[in-house]
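Trainee: Could you walk me through how to read the features of a model like this one? I would like the general idea each time, and then the case at hand.

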Amino acid sequence: MSYAVAAETVKEQRFMQWVKAYSDAILRTCFVYLSNVQDAEDAMQDTFLKAWKAMDTFEERNGASEKTWLIKIAINVCHDYHRSKWFRKVDLEKALEDLPARYLSVEDTDVTLTMDVMRLPEKLKQVVLLYYYQELTLREVADVLGVVPSTIHRRLRQAEERLKRDLTGGEDDGK
């Protein structure tokens, strides 16, 4: 077997490992950004297509993990979708009902929280999604979004405060 054929086989195996390991996480990420199952599935496919094309440039750059790198690509794809087409107002409850159960990682009691997260402003939603749903560290979230960790920490606190306010009906706990 020639070196080129062997290298291509290794590339294909690595790619298939990425698809197997990260498809669910990428789809959930895209769904939260796009609020539509079909768009999320398209975005996931586009994410893996871009990853395939850029695979040769991935070399654990700046300590980024494969998952972090792929999620960053997925977020950029979702941003491209928002820029390139008009998104209609989506009924978030209906959108959650349409998501196949194997991709919905929340219990029925958590649907309200998920919907509140989906309604957050984009910068806050990104941080919550990456930190809590994808279980990235503050440093990894900062790398994905291209900001410093202190900004991520601040956005995370803002999101938590807003979610707490939304979930308690705006009640102040005395603090």
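Mentor: Let's begin with charge pairs, keeping in mind that this is a predicted model. Side chains of opposite charge can pair when their charged atoms come close. Here Arg139 and Asp143 make a salt bridge, with 3.9 Å between the closest N and O atoms.

Trainee: Why are Arg139 and Asp143 separated by about one helical turn?

Mentor: Because they sit 4 residues apart in helix α7, about one helical turn lies between them. As for their surroundings, Arg139 is partly exposed at 48% relative accessible area, and Asp143 is partly exposed too, at 27%.

Trainee: Which residue meets Glu160 in a salt bridge?

Mentor: Arg157 does, with an N to O distance of 2.2 Å. These two belong to helix α8 and are 3 residues apart, so again the separation is about one helical turn. Glu160 is partly exposed at 25% relative accessibility, and Arg157 is partly exposed at 33%.

Trainee: How many salt bridges does the structure hold?

Mentor: There are 5. One of them is the pair Arg14 and Glu66, whose closest N and O atoms are 3.8 Å apart. This pair links distant parts of the chain, since Arg14 is in helix α1 and Glu66 in helix α3, 52 residues apart. Arg14 is partly exposed, with 26% relative accessibility, and Glu66 is partly exposed, with 22%.

Trainee: Let me step back to the fold. How many helices and strands are in the chain?

Mentor: The chain has 8 helices and 0 strands. Reading from the N terminus, the order is α-α-α-α-α-α-α-α. To see how such elements come together, look at the separation of contacting residues along the sequence. Among contacts with a separation of 6 or more, 65% join residues 24 or more positions apart.

Trainee: And how should I read the inside of the structure?

Mentor: Start with a general tendency: in soluble globular proteins, nonpolar side chains tend to be buried together. In this chain of 175 residues, 39% are buried. The largest nonpolar core has 38 residues, and Trp18, Ile26, Leu70, Leu130 and Leu145 have the most contacts inside it. Helices α1 (3–34), α2 (37–54), α3 (66–84), α6, α7 (138–145) and α8 (149–167) each give at least two residues to this core.

Trainee: Which helix supplies the largest share of this core?

Mentor: That is α1, with 10 residues. For a closer look, take Leu70: setting aside neighbours within four places in sequence, Leu70 is in contact with Trp18, Tyr22, Ile26, Thr47, Phe48 and Ala51. Another core lies apart from the largest one; it has 6 residues, including Val117, Val128, Ala159 and Leu163.

Trainee: I also have my eye on Leu120. Where does Leu120 lie?

Mentor: Leu120 is in the loop between α5 (111–119) and α6 (122–133). A loop residue can be checked for burial just as a helix residue can, and here Leu120 counts as buried, at 5% relative accessibility.

Trainee: Which residues does Leu120 touch, not counting those up to four places away in sequence?

Mentor: They are Lys125, Val128, Ala159, Arg162 and Leu163. With Leu163 you can also compare sequence and space: the two residues are 43 residues apart along the chain, while their C-alpha atoms are separated by 8.3 Å.

Trainee: One more feature, the cysteines. Why is there no bond between the sulfurs of Cys30 and Cys78?

Mentor: A disulfide is a covalent bond between the sulfur atoms of two cysteines. The cut-off used here is 2.5 Å between the sulfur atoms. The closest cysteine sulfur to that of Cys30 is in Cys78, at 3.7 Å, so they are too far apart for a bond. The count is therefore 0 disulfides.

Trainee: Is Cys30 buried or exposed?

Mentor: Cys30 counts as buried, at 0% relative accessibility. Cys78 is buried as well, with a relative accessible area of 0%.

Trainee: And what about the outside of the chain?

Mentor: For the surface, look at the total area and at the atoms that supply it. The chain exposes about 10,500 Å², and 50% of that area comes from carbon and sulfur atoms.

Notes
Residues numbered from 1 in each chain as written. Predicted model: local features only at pLDDT ≥ 70, side-chain atom pairs only at ≥ 80, totals over all residues. Heavy atoms only, no water. Buried < 20%, exposed > 50% of the residue type's maximum accessible area, 1.4 Å probe, protein only. Contact = heavy atoms within 4.5 Å. Core = buried A, V, L, I, M, F, W, Y, C linked by side-chain atoms within 4.5 Å. Salt bridge = Lys/Arg side-chain N within 4 Å of Asp/Glu carboxyl O. Areas by Shrake-Rupley, 256 points an atom, 1.4 Å probe, with all protein chains shown as cover.
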